[in-house]
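Me: Please take a close look at the salt bridges in this structure and at the surroundings of the residues that form them. I would like one connected account rather than a list.

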Amino acid sequence: MNNKRRIKKQFLYTLLTSLMFWSYSPSLSAQSHKVAFSINGGIVQNGFGGMITGDYKVNDFDYLQFNLQGSFATLEQNNIDIPVNTYSFNTGFFFDILRNNSRTFALSLGAGGTVGYEIINEDDSSIENNQILTIETKNIVYGAYAGIDADIFLSPVITLNIKLNEIYHINSEIGEFTPYAGLGVKLILK
């Protein structure tokens, strides 16, 4: 039991030391920028998704965010998995809630609007066992989203980007709330 406790303490110490090094390293200080692009891959409820994002800074701490998101999931109905694809355009306003002094880490919170297209069962209303779907198989969806965006600067122009979003589609056939958690790379252009 003591050996397990010692290994856990050593792991925790190593993790904290590494985080402190990355957070306070003077050689990795990030520069202020106006435009950045990122690409993320991640998970959505019962599937996976991807996102291409553009950021436009309005000042040193706040930015407008525009992204295209594709989600590929399944919906279970009568023990049958039905494919659901959602493509959406999201735009919002984000502001920093946490940033270290050496500017190697930033955590932002934001919200905005979303509009997209939802395709259920490849736009086919019939499923296995001669059953018919009683929902719309394609639909324009709209709503709002809120998200957390974290950047860990690997260099002044490249960051490890983590996104956590909750999307609310008011008129979706598969459920109104859709979570997204993604990991990717952000490139700072200007």
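Reply: Asp96 counts as buried in this predicted model, because its relative accessibility is 16% and the cut-off for a buried residue is under 20%. The side chain of Asp96 is engaged in a salt bridge with Arg99, in which the closest N and O atoms are 2.5 Å apart.

Asp96 is also one of the residues in contact with Ser108, once the sequence neighbours of Ser108 within four places are set aside. Ser108 belongs to strand β5, which covers residues 105-120, and with a relative accessibility of 3% Ser108 is buried. Its other contacts of this kind include Phe94, Phe95 and Ile97, together with Gly147, Ile148 and Asp149. Tyr63 is on that list as well, and the side chains of Ser108 and Tyr63 make a polar contact at 3.5 Å.

Through Asp149, the contacts of Ser108 lead to a second salt bridge. Asp149 pairs with Lys163, with an N to O distance of 3.0 Å. Lys163 lies in strand β9 (residues 158-169) and Asp149 in strand β8 (residues 138-153), so this salt bridge ties together parts that are 14 residues apart in sequence. Lys163 is buried, at a relative accessible area of 1%, and Asp149 is likewise buried, at 1%.

Asp149 and Lys163 do not stand alone: salt bridges with shared partners join them to Asp55, Asp151 and Lys186 in one network.

Within this network, Asp55 and Lys186 form a salt bridge whose closest N and O atoms are 2.7 Å apart. This pair links distant parts of the chain, as Asp55 is in strand β2 (residues 47-57) and Lys186 in strand β10 (residues 177-188), 131 residues apart. Asp55 has a relative accessibility of 6% and therefore counts as buried. Lys186 is buried too, with a relative accessible area of 3%.

In total, the count for the model comes to 5 salt bridges. Among them are Arg99 with Asp96, Lys163 with Asp149, and Asp55 with Lys186. Ser108 offers a useful point of reference for two of these pairs, being in contact with both Asp96 and Asp149.

Key
Residues numbered from 1 in each chain as written. Predicted model: local features only at pLDDT ≥ 70, side-chain atom pairs only at ≥ 80, totals over all residues. Heavy atoms only, no water. Salt bridge = Lys/Arg side-chain N within 4 Å of Asp/Glu carboxyl O. Helix = DSSP H or I, 4+ residues; strand = E, 2+ residues; numbered from the N terminus. Buried < 20%, exposed > 50% of the residue type's maximum accessible area, 1.4 Å probe, protein only. Polar contact = N/O pair within 3.5 Å; in protein donor to acceptor, adjacent residues only side chain to side chain. Contact = heavy atoms within 4.5 Å.
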